[in-house]
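Thank you all for coming. I would like to take a few minutes to walk through one model with you, so please have a look at it before I begin.

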Amino acid sequence: MTLLEKNFVGGRWKGGSEELDIRNPSNLDESAGRYGLATVADVEEAFAAARKAHPAWRGATLEQRSIVLENIAQGIFARKDELAQIMSLEGGKTIPDALGEIVRAGNIARFFAGEALRMTGEKIGSVRPGVDVEITREPVGVVGLITPWNFPIAVSLWKISPALAFGNAIVWKPSEKTPGISAAIAEIVAAAGVPEGVFNMVLGNGPDIGSAVVENADAISFTGSAATGKRIAVRCAERLVRVQLEMGGKNPLVVLDDANLDLAADLAVNGAYFQAGQRCTASSRLIVTSGIHDRFVAAVAERVKKLKIGNASDSATQIGPVIDESQFNKVQSYVELGRSEKAELLAGGDAIKLATRGWYVSPVLFANTANNLRINQEEVFGPFASVIRVADYDEALAVANDTEYGLSAGIVTTSMKYAKDFQANVQAGMTMLNLPTAGVDYHVPFGGRKGSSYGPREQGRYAVEFYTIVKTSYLSV
Ligand code: NAD
């Protein structure tokens, strides 16, 4: 298979010094492409191009920027079936999961085509006579975007779109695990009318290429693991550049005695296992009150055992493989840890042998677990959930909050009193009532609290906070 030269620097496609060989996680005997990785010199060239191109883009009319965003949206919609095949081949996503994410990404770009036209400011009175005060927003400059593999198009578009809409230039470093979809996104952005140099994409690993982006950018928006995020925040603080981090989760789904049992079990299975559990908003802690506990555990275990695990390209598959060997080993190591912590393994945990060799894991369900076990405190990021029995709502809320993370939190109940109390008091950026913890709208803020997020919110009209900088002007006329 030929080496794909897919770094996009200064308006040109470039190769790289090293080579990345991607395998199909559903069939390890099949290649998902060979890519040339960027060098640190390529990253520096990308920043130089972005700095040169930025003044014109900063000065572009709102309509010019809006049209580019609309073109990106249409480019995504037009190629959606092909993009879904790429995401399935290199990331192990089922086609329906991939299509859902692709359409969401297109909708995000479309939303920001509108936002580009709504750059507002304020004109307010001064405390001094004869003086006017104007508050305006300006682009930050050349922003560095660093993204993960699990939502390779949606997360990327929820950074690229507002960055462009509000007049910034971009150097984007996607995850090295999903180069194919990243290259396709770069093709779509390049064809959308973005001036040369305004948008750059460099493929490469985190420590070298990611770090080079962090060293050169005027602002960093990062989505990925908490460990990497913290390191980046420290460096951004040293450089005094703004930083936005979206990181992991250990999301609770609380099930109360008065819940609809079938709904609760369906939400748990959807939230914990779909997309092989590789979602930052996955429901990994199922916190259940005593009166419904045994019936709930039986209903979830029954559903889990029926899940169809298989090749991501097979239309009957509900759960595809995890993305690669490191994720596979991570899930296995947490199954061993759960056993050693004396949790009761009700389902899953085995490697599965199918017609093709792949990173297949049967969905894991632990019961009789305490919240302070490591399996309930550390993000596994795989098809893995545990049940924690609690006496009542008050204990459920305390357990839900007893975590370093705070991304998404769900409750299943028919009680308005508990639903309202949970919404008010759970320490999470997003709360869900009788809905899965994963699955959000594209036009409203996305983000968490505590160890899950740092800095201003992403998505929706709140995205303007990160991608613009405020200027206060005093005028005496
Ligand atoms: P990761 O932290 O390993 O990598 C994320 C990105 O950072 C990749 O592009 C990687 O190459 C880069 N990177 C790694 N080390 C770096 C360094 N030293 N300097 C600069 N860049 C570096 O995370 P991942 O495994 O790709 O993604 C999974 C994680 O992402 C999970 O923890 C998940 O919860 C989180 N996630 C969070 C959200 C959210 O919005 N909160 C969304 C999706 C995924």
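I will speak about the ligand and its surroundings, and after that about two regions of paired strands.

Please keep in mind throughout that this is a predicted model.

Let me begin with the ligand, where the space that the ligand takes is the largest pocket. The shell around the ligand draws two or more residues from each of helix 7, which covers 206-216, strand 11, which covers 219-223, and helix 8, which covers 226-239. There are 28 residues around the ligand, and those that come nearest are Thr147, Glu176, Ser225, Met247 and Glu379. If we ask how the residues of this shell divide by character, we find 12 nonpolar, 11 polar and 5 charged.

Turning to individual polar contacts, Ser225 places a polar side-chain atom 2.6 Å from an oxygen atom of the ligand, while for Thr228 an N or O atom in the side chain is 2.9 Å from an oxygen atom of the ligand. Gly206 takes part through its backbone, with a polar backbone atom 3.5 Å from a ligand oxygen atom. As for how much of the ligand is covered, the ligand taken alone exposes 840 Å², and 90% of that is buried by the protein.

Now to the strands. In which order do the strands of the open sheet run? The open sheet has 3 strands in the order 1-5-4, and the pairing is mixed. Its edge strands are strand 1, at 3-4, and strand 4, at 18-24, each of which pairs on one side only.

Strand 4 pairs with strand 5, residues 27-37, in the antiparallel sense over 6 bridges, and these two strands form a hairpin that has 2 residues between them. To find the register by eye, you can look for Leu20, whose bridge partner in strand 5 is Tyr35, and then for Arg23, which stands opposite Ser31 in strand 5.

A further hairpin involves strand 6 and strand 7. Strand 6, residues 122-125, and strand 7, residues 131-139, are paired in the antiparallel sense over 4 bridges, and within this pairing Glu122 has Ile135 of strand 7 as its bridge partner. Here 5 residues lie between the strands, and Gly130 in this hairpin takes a positive phi near 75°.

That brings me to the end, and I am happy to go back to any part of it.

Note on methods: Residues are numbered from 1 along each chain as its sequence is written. This is a predicted model: local features need pLDDT of at least 70, side-chain atom pairs count only at pLDDT 80 or more; totals for chains, interfaces and linings use all residues. Side-chain values use heavy atoms; hydrogens and water are left out. Two strands pair if DSSP finds at least two bridges between them. A residue is near a molecule or strand if one of its heavy atoms lies within 4 Å of it. A polar contact is a pair of N or O atoms within 3.5 Å; within protein, one must be able to donate a hydrogen and the other to accept it, and residues adjacent in sequence count only if both atoms are side-chain atoms. Accessible areas come from the Shrake-Rupley method with a 1.4 Å probe; for residues, only the protein chains shown count as cover. On a 1 Å grid over the protein atoms alone, a cavity is a set of points where a 1.4 Å probe fits but cannot get out, and a pocket is an open set with protein on both sides within 12 Å along at least five of seven lines; lining residues have an atom within 4 Å of a point. A molecule sits in a cavity or pocket if more than half of its atoms lie within 2 Å of its grid points. Ala, Val, Leu, Ile, Met, Phe, Trp, Tyr, Cys and Pro count as nonpolar, Asp, Glu, Lys and Arg as charged, and the others, Gly among them, as polar.
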